[in-house]
Amino acid sequence: MYFDFANVLVFLLFGIAFVILNVAVLSRLMRPTIRQPDKDTAYECGEPVIGSSWVRYDMRFYTVALIFIVFDVEVAFLYPWALVFKGLKNAGAPGGGMFVFIEMLVFVAILVVGFLYVWVRGDLEWVKSMPESQSGQGSGSGGTGERAKQRDAAPTARS
Amino acid sequence: MAAADVIFLVISIIAVGAAALAVTRKNPIYSALFMMVTLLVVAAVFQMLSSPFLAVMQVLLYAGAIMVLFTFVIMLLSLRPEEMGETAPLPQRIFAAVVALGVFALLAFPAIEPGVPAAAASLAPPAAEAVRFPPAAGTGDGATVEFGATAYFGHTIFGRFVLPFELVSILVLAAVVAVMVLAKRDLSKRDVADDGSDRDPPPLSVSAAHAGSIASLATSTQPTSHGPGA
Amino acid sequence: MIWSLLVAFGVFFILTNGLPPALVYAERKLAAGIQNRVGPNRVGPYGLLQPIADAIKLLFKEDVTPRGADKFLFSIAPILSFVPAALAFAIIPFGNYAGEVRLQVADLNVGILFATAIISLGAYGIAFGGWASNSKFPLLAAVRSSAQLISYEVVMALALVAMIMTYGTVRTEVMVLAQAVPLAETGPFAYLPAWGVFQQPIAFVLFVICCFAENNRAPFDMPECEAELVGGYHTEYSSMKFALFFQGEYIAMTTMSALIVTIFLGGWHFPGMDVADHSVGMGILTILVFMAKLLGVLFFYIWVRWTLPRFRYDQVMRLCWKGCIPIALVNIAITGIIGVLYS
């Protein structure tokens, strides 16, 4: 087993060596370097650059990343389960294979409750309701379940 | 020294060095980068402790998921230079040092106290338990379930630790709900906060067809009042 | 020992320097064919030397780092994108044994999980690359793309869980052997091999969708949709750094195709082959079978790219969270019920 991981390490070293050879050695020897201030500006369709581009952006990416972690944790438990659920059935674990299956069913069901909660609240909705925000109520505050239900009930509200 | 010792030494040096860098960097994205290195190296330590499944989960969950979230948050906040690199006040730093030393002592305790490894060993499943659930032919990871293999985790979690496993799902559910509440509260607070704080981005759901579209970028650039070339 | 080193080097060389140029050429020629054009035809016979000309051109290009960019992250981002893509290939069994030599770089006992873990690190290359450029289009592309990558990673993992349940193993080599039997003892299905695609068609479709999304290929090429984001996360990159991103993309595509072949299309096995035959000739034959399947999947990749229009970003996310994930969960439940009742 150590041997196989050593092989992976060798593969990794090949990769790093290849990159360094290409970028730091081969290309550095061949490429020209002609400095010009205009070359160093960021690309903005030919316009002068306005401000820094390190700005704050949409919260939804953060939400997606958080839900992703929850699912990743779930999957981490699913992997060993998927591997043994048949084996346990045949080998007389407490209650047999059905027990292990129901165990996981309960586990996933509890997480699906959380997933549905997110879904019903409309956090999986990438395009939020536009007309609401235009009607002066302040957009993005649709935090209550009621508002979320309204949104789900009126899909036409999406632009 | 055996080869394994040399490898462990190298790994430890990288882990500690990267951790030190993660703490001392002023730019949070570098802290995230070096923390990722630390987590990857810890995965290698798990592998050396003959626990490949744990090593892979370390990479998948910590390096591949949680650090991605950290990176997201750092990119999301986009702290300006004057907002980062503020050193904490002295009492806070002293307190942090004390806590860090305490945690270190707690972790180092088993190494110096001879009674602890024995007690820990008595908690570990007896060797016979590893073969209590022999996988049927054609299932599981080969004929025997070796310690640390994926199937070993399956047998242990779903045989011996059923209740903790189910409780984990409750914990994760609580996390989901908390996530949504926290994320939402932030949003609604920004909506009502009209005290003119120009640090707050505009309401975040105004973007049109695509979040992060050019339109939303333009609107969120304005109030942060960056001068050209900032 | 020396053989396994040679195998590792050979695989690495073909993966990084053999296949990408061939794929670039194939992509351009096929795209031309689909769009009723001629495609590259000037450099060498039938334009065959075009990829080499491109590579030389990139070597001679000036390396520009935009002002205000984060220089360190800007430089290592291509590495973070390139290395994981190649590393994940290490667990692919691309043939049976040729004599004593096992035709696989590393047979880990965590097998396929290693690949998923390494692939999940690929998001950093794009995220850091786009962020470090300090330019608006790359940043947008980076954020979009990392969100897309992590979302589809979940679906990929869930599809994999169904496959692990079916095969009862995570080792790629054993997966291939498990597919080297007839689908049924008797009846019409006895003529079909027990490939994953026949046993788990839903997981197969989900997995293929994820492969497209994880590779940022059309119809999921959000990070570099030219019409909206110029060049995407590598807008500011030039010279060999750009080449590494470009190459990394094709390597990732190859790795994903190899995963599809190994998990769903029987790996190096073809019905009628004797898996116990470890002769050198048979070993070479298995490599050829694997390559044929791999090229078939890669052709499918290119075909889809030049046939389907691009999704809108909200459609990408909706497909993942409201389409694929529920289906994948139901698929696991069905597989579990069947597994518990009839096994």
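## A kink in a chain B helix

Let's start with helix α3 of chain B, which bends by about 30° in this predicted model. The kink is centred on B:Met67. The helix covers residues 52–77, 26 residues in total. From first C-alpha to last, α3(B) reaches 36 Å, close to the 38 Å expected at 1.5 Å a residue.

## Chain C as a whole

Over in chain C, the secondary structure adds up to 13 helices and two strands. Lined up along the principal axes, the chain's C-alpha atoms fill a box of roughly 65 × 45 × 45 Å. The radius of gyration of chain C is 21 Å, which agrees with the value near 20 Å for a compact globule of 343 residues.

Buried residues account for 59% of those 343. As for contacts in chain C with a separation of 6 or more, 78% are between residues 24 or more positions apart.

## The nonpolar core

The largest nonpolar core runs to 195 residues. Which residues have the most contacts inside it? They are C:Val155, C:Leu158, C:Ala159, C:Val161, C:Phe207 and C:Ile260. As for helices, α6(C) gives the most to this core, with 23 residues.

Take C:Val155 and set aside residues up to four places away in sequence: it touches C:Leu206, C:Cys210, C:Cys320, C:Cys324, C:Ile325 and C:Ala328.

## A look at C:Cys211

If you have your eye on cysteines, C:Cys211 sits in helix α9 of chain C, residues 201–214. Is C:Cys211 buried or exposed? It counts as buried because 24 other C-beta atoms lie within 10 Å, and the cut-off for that label is 20 or more.

Beyond its neighbours within four places in sequence, C:Cys211 is in contact with C:Met256 and C:Ile260. C:Ile260 is also one of the residues with the most contacts inside the largest nonpolar core. C:Asp107 is another story: 104 residues from C:Cys211 along the chain, with 22 Å between the two C-alpha atoms.

## Where chain C meets chain A

At this interface, 62 residues of chain C are in contact with 53 residues of chain A. On the chain C side, the elements giving two or more residues are α1 (2–34), α3 (71–87), α6 (136–167), α11 (239–264) and α13 (313–341). The largest share comes from α6(C), with 13 residues.

What classes of residue does chain C bring to the side that touches chain A? There are 38 nonpolar, 13 polar and 11 charged residues.

Notes
Residues are numbered from 1 along each chain as its sequence is written. Chains are lettered from A and ligands numbered from 1 in the order in which they are written. This is a predicted model: local features need pLDDT of at least 70, side-chain atom pairs count only at pLDDT 80 or more; totals for chains, interfaces and linings use all residues. Helices (H or I, at least four residues) and strands (E, at least two) are DSSP runs, numbered from the N terminus. The expected span of a helix is 1.5 Å times one less than its number of residues. The bend at a residue is the angle between axes fitted to the seven residues ending there and the seven starting there. Two residues are in contact if their C-beta atoms, placed from the backbone, lie within 7 Å. Ala, Val, Leu, Ile, Met, Phe, Trp, Tyr, Cys and Pro count as nonpolar, Asp, Glu, Lys and Arg as charged, and the others, Gly among them, as polar. A residue is buried if 20 or more other C-beta atoms lie within 10 Å of its own, exposed if 12 or fewer, and partly exposed in between; C-beta atoms are placed from the backbone. A nonpolar core is a set of buried Ala, Val, Leu, Ile, Met, Phe, Trp, Tyr and Cys residues joined through C-beta atoms within 7 Å. The radius of gyration is taken over C-alpha atoms; the globule rule is 2.2 Å times the number of residues to the power 0.38.
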